[in-house]
Amino acid sequence: MRVLKAFIAVVALVLVALLVAQVPGGQSLLGIVLPYLAFAIFLGGFIYKVVDWAKSPVPFRIPTTCGQESSLPFIKQNKLDCPTTKTQVVGRMLLEVLLFRSLFRNTKASIHDGPQLAYGSNKWLWLFGLLFHYSFLVIVLRHMRLFTDPIAGFVAPLEFVDGFLEVGATTIYQSSFILLAAVTFLFLRRVVRPYLRYLSLPADYFPLMLIFAIGATGLLMRHVFRVDIVSVKELTVGLVTFSPAINGQIGAIFFVHVFLVCVLLAYFPFSKLMHLGGVFMSPTRNMANNSRMVRHENPWNDPNIKPHSYEAYEDEFREFMVESGLPVDKQPEPAPAEPEAGQAAPEEESKA
Amino acid sequence: MQLAQFLAENKGEIQDHWISRVLDSYAEDAAAIFKREQDRFANPVGYSTRQTLTTVYSLLFDRPDQPEPDLQQLRAEMETFIKIRAVQTFTPASAVAFIYDLKAVVREAAAKQRDLAATTADWEHFHDTLDQLALIVFDLYVACRERLFQTKINEIKSMNYMHTQHGCSAAGQVDKTTQLMADVQPLHTHSNEAR
Amino acid sequence: MADTKAAEMKVKVVKEPSLMTGSVPTRDWWDVEAIFKPGNYCYPAKKSIVEYHGKNLPGLFGEPRDWEVESDDWVLPDNWKEIIINGIKERLDKFRSLKIFMDCCVRCGACADKCHFFLGTGDPKNMPVMRAELFRSVYRNDFTTAGRILGEIAGARPMTFKVLKEWFMYFYQCTECRRCSVFCPYGIDTAEVTMMGRELLHLVGVGTNWILEPAANSNRTGNHLGLQPHTFKENAEFLIDDIEEATGVRLESLNFNRKGAEVLFIIPSADVFADPGIFTFMGYLLIFEQIGLDYTISTYSSEGGNFGLFTNNELMKKLNAKMYAEAKRLGVKWILGGECGHMWRVIHQYMNTMNGPADFLEVPRSPITGTVFENAAATKMVHISEFTADLIHHNKLKIDKSRNDHRTVTFHDSCNTARGMGLLDEPRYILKNVCNNFYEMPENTTRDKTFCCGSGTGLNTGEIMDLRMRAGLPRANAVRYVADRHGVDMLSCVCAIDRATLLALNQYWNPEVEVCGVSELVGNALVMEGEKERETDLRFTPLAGMEG
């Protein structure tokens, strides 16, 4: 049901794009207005979100330590999983952001003949997660061919590495297929594994399907319904130089592709895709485990919260303390003893 | 075909049915929250179910000329399984019920076996064996629950060790529950005895 | 027929959903209600206790009242929803962690089978991602654009009594052990979410007695059980007799509230009154006596543990503040801390921020070895395992390892010291130096991937014993493994809650395995000046070769 909702949404988007592309002025809307709008929403939304996060302080130093702390010279610190310096934190973050270190740790509870319950290593999610993100990155970078004139220097080598075989006149880029395969894996995983299906929301299926649709329309455009690449480039460069114009017949499939990308961009800041920004700001990962070495400041630390004072404590228990030989700050009055100080109601102190 | 031979020859199939029926018990729940799924998510519970039922069946019906089962061994094999069930909000009756599942599974399988020539005596023996098994399970279940409650008592005692066990003069400061526990349970002088 | 009966019985079988049996839910999770019944919830806090906390920290613990968890009327204030929503807003502004953790989760499911509560109970809402979704769904509804517009499609739902019940159930089936956080690609820490959830529950007066009463005792008398100063002192002194009986040495150095001592020693109070913590305590005292440490123990700050951590940050701060206050009053140079898990989470990650700077103390320096503990330069508090490991490394302790030969030992990393501090190899270094038979539990169940005892964060109460046994099953399983394979019969740890709860866990799952603190084993092996020939260990179990 939740899958269906997401599926209907993506199909509807494709249909809308096809329809609008046929209406007079529709192509300008899809090719010029919406890209600007979507990019503005993306940029504005992304910055807004990150600024909003940054506005909340990090009151406590709470790294999750995944290795040995730095303590005694003869005990080896795990510098990447339990960093104490900024450099080490950068190292940990690089591993996390570039290589998905935590997912690499993934284990799966399983049963082996023997028999025994074991927690074996499970790297599929890590592998396909990594493939997905890197092929996405390569594709985005390859598209820079369309937005730069002359074409940026890194594009050609990238294309050379990425394109592994040629069919006719067209180079096939492996990243496109890896992306689709990885998205498919990530989707099937959610549908097939019972506990993942249980916890997945439409908001989890939707981006996967949307990205699949973007990839699929891109491939179709490249290999099946060829579009006029010269007009496309005129448009895209025009967009970048703020002089966009649509010349000639580009083909509807292009507008579907662009529309879906616009939806993705506009959807981005309001969704879980913001993990792109969040991964850098997660306090359990980006902080050094040096809280006993350097004091961490909490801007809203309330100085009015005081401990139950020693004086109040001693006042309550003084007789008992003296009797049992515990030192006291104030000697008890020699006058007739108070009745049962220990049974008296505890003395309260107020926050204020 | 004799019943014993039938039980030995159809071991795999009967075991599988039995296991899935016991696991199904989670799904036949009145609330019908769950239904079964093929790819079982591996876990202590599923593991223990499969392992225990397979072993128990083998001990009982592995060969046509199977000797009388060793009850002590059966008990040992089932202990962990029952231990898990004993802390899983099963009713006491349902902890035993899985044994009766086997009766049903065997009866269904036997109905399909045309050349089966099982005598009344054979069937009686079969049912008696399983009834005996059910009694063992019941014993085990109760023993587990007793151990659980004993653990609770031990915990209260050891948490307040100095008061309940050491004859400490401050025993008067301990709250009422602790005192009650200490009164009910004869005091042990050392923790090892308490265990 | 017997079968009909069996079928009827099975209908009553399990009310708890279970993915662990291979069963799959047929209903969406938000349609399944939390049902409380005896054994699956902790008792609510007594009215008088809530009153006490309310006086000290106004507004944080709700209206004191009597209420029943199983009832449909929790006697909540009329505006309870408003209190919760405002509470969420306040916390979003105060904690970046909460904002990030609310926004970033992609529900990849990497955390799902990492939680001991999920592995043991099979309840899908015990998957860390689901536990957080219980909170997130409300957050989306009131604080995100998508949630406001799309509602249920965006996974949003309004705060209702049903949700509140879920919160109470599942934020009290989380021990804040942080195991899920290790595996999360964004480091999302369910402990943070649970902490926030519990803070919010307290705002509307929903809390458990097992947490709030020890916290109240701790505030007033200095320790969880409410031992008054003289009783605390007498308890500790009783143990001197036991030590003498076991070792032939009469310790002279134990003292209390002494001004001018070099070191203030703070322990979880269970070490002076609970079995087997008392044996750990004997271990500490033997070490200090032997090396001639100038230390004192405070009766005012006699609790290292901090149940405030399980309620809200304000109470945590208030209880913790005693440590520095007492160190200042007594004029000590630095503080040494005993074996306790959550106590060290507070000391390591919160204390200096909350109650520092501790500029009246000196950077800790071991008077015996001269080692300066640079890693505690600001907080000025050292863990006993760091301290002892340093002593052993410098050959300052005379050790007879064979005195632990009657034991085969394994080590349980407590969640808080492992994942909130990184104290992993110090206790192991000690263990390898004081006992000959030491075996690790299987990989992925120790160190940063250690499994919780199942009863942390104030869940170590008797009324939920069944639940605790289920939650502790993954840990018990790993212990079972080394018990079968290597004959392990002693589970050592550096945590007072572990010492209590693993004891119960083992009595049920692995009755032959006992539980001890690391310092107890040091105490067994430590050769004291003037000692008699040892025939038993500190708990009067005969040593190897002395069984006759």
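Leaving aside its neighbours within four places in sequence, which residues is B:Glu155 in contact with? In this predicted model, the partners are C:Asn460, C:Thr461, C:Gly462, C:Met465, C:Arg468, C:Ala500, C:Thr501 and C:Ala504. Welcome to the structure; here is a short tour that starts from this residue.

**B:Glu155 and its setting**
- You will find B:Glu155 in helix 6 of chain B.
- B:Glu155 has a relative accessible area of 5%, so the residue is buried.

**Where two helices meet**
- Helix 6 of chain B spans residues 120-159, and its axis comes within 9 Å of the axis of helix 22 of chain C, which covers residues 496-509.
- The two axes cross at roughly 155 degrees, and therefore helix 6 of chain B is roughly antiparallel to helix 22 of chain C.
- The crossing of helix 6 of chain B with helix 22 of chain C is right-handed.
- On the chain B side, B:Cys144, B:Arg147, B:Leu148, B:Thr151, B:Asn154, B:Glu155 and B:Ser158 make the contact.
- Helix 22 of chain C contributes C:Ala500, C:Thr501, C:Leu503, C:Ala504, C:Gln507 and C:Tyr508.
- Sorted by character, the residues of this contact between helix 6 of chain B and helix 22 of chain C are six nonpolar, five polar and two charged.

**How confident the prediction is**
- For the model, the scores are ipTM 0.91 and pTM 0.88.
- The average pLDDT of chain C is 92, and 95% of its residues score at least 70.
- Residues 1-22 of chain C have a pLDDT below 50, and this stretch has 69 contacts in the model beyond near neighbours in sequence.

Conventions:
Residues are numbered from 1 along each chain as its sequence is written. Chains are lettered from A and ligands numbered from 1 in the order in which they are written. This is a predicted model: local features need pLDDT of at least 70, side-chain atom pairs count only at pLDDT 80 or more; totals for chains, interfaces and linings use all residues. Side-chain values use heavy atoms; hydrogens and water are left out. Axes are lines fitted to C-alpha atoms, for helices over the stretch in contact, and angles run from 0 to 180 degrees between N-to-C directions. Helices (H or I, at least four residues) and strands (E, at least two) are DSSP runs, numbered from the N terminus. Angles under 35 degrees count as roughly parallel, over 145 as roughly antiparallel, 65 to 115 as roughly perpendicular and the rest as oblique. A crossing is left-handed if the near helix is turned anticlockwise from the far one by less than a right angle, and right-handed if clockwise. Contact means heavy atoms within 4.5 Å. Ala, Val, Leu, Ile, Met, Phe, Trp, Tyr, Cys and Pro count as nonpolar, Asp, Glu, Lys and Arg as charged, and the others, Gly among them, as polar. pLDDT is the predictor's confidence in each residue, from 0 to 100. Buried means under 20% relative accessible area, exposed over 50%, partly exposed in between (1.4 Å probe, protein chains only).
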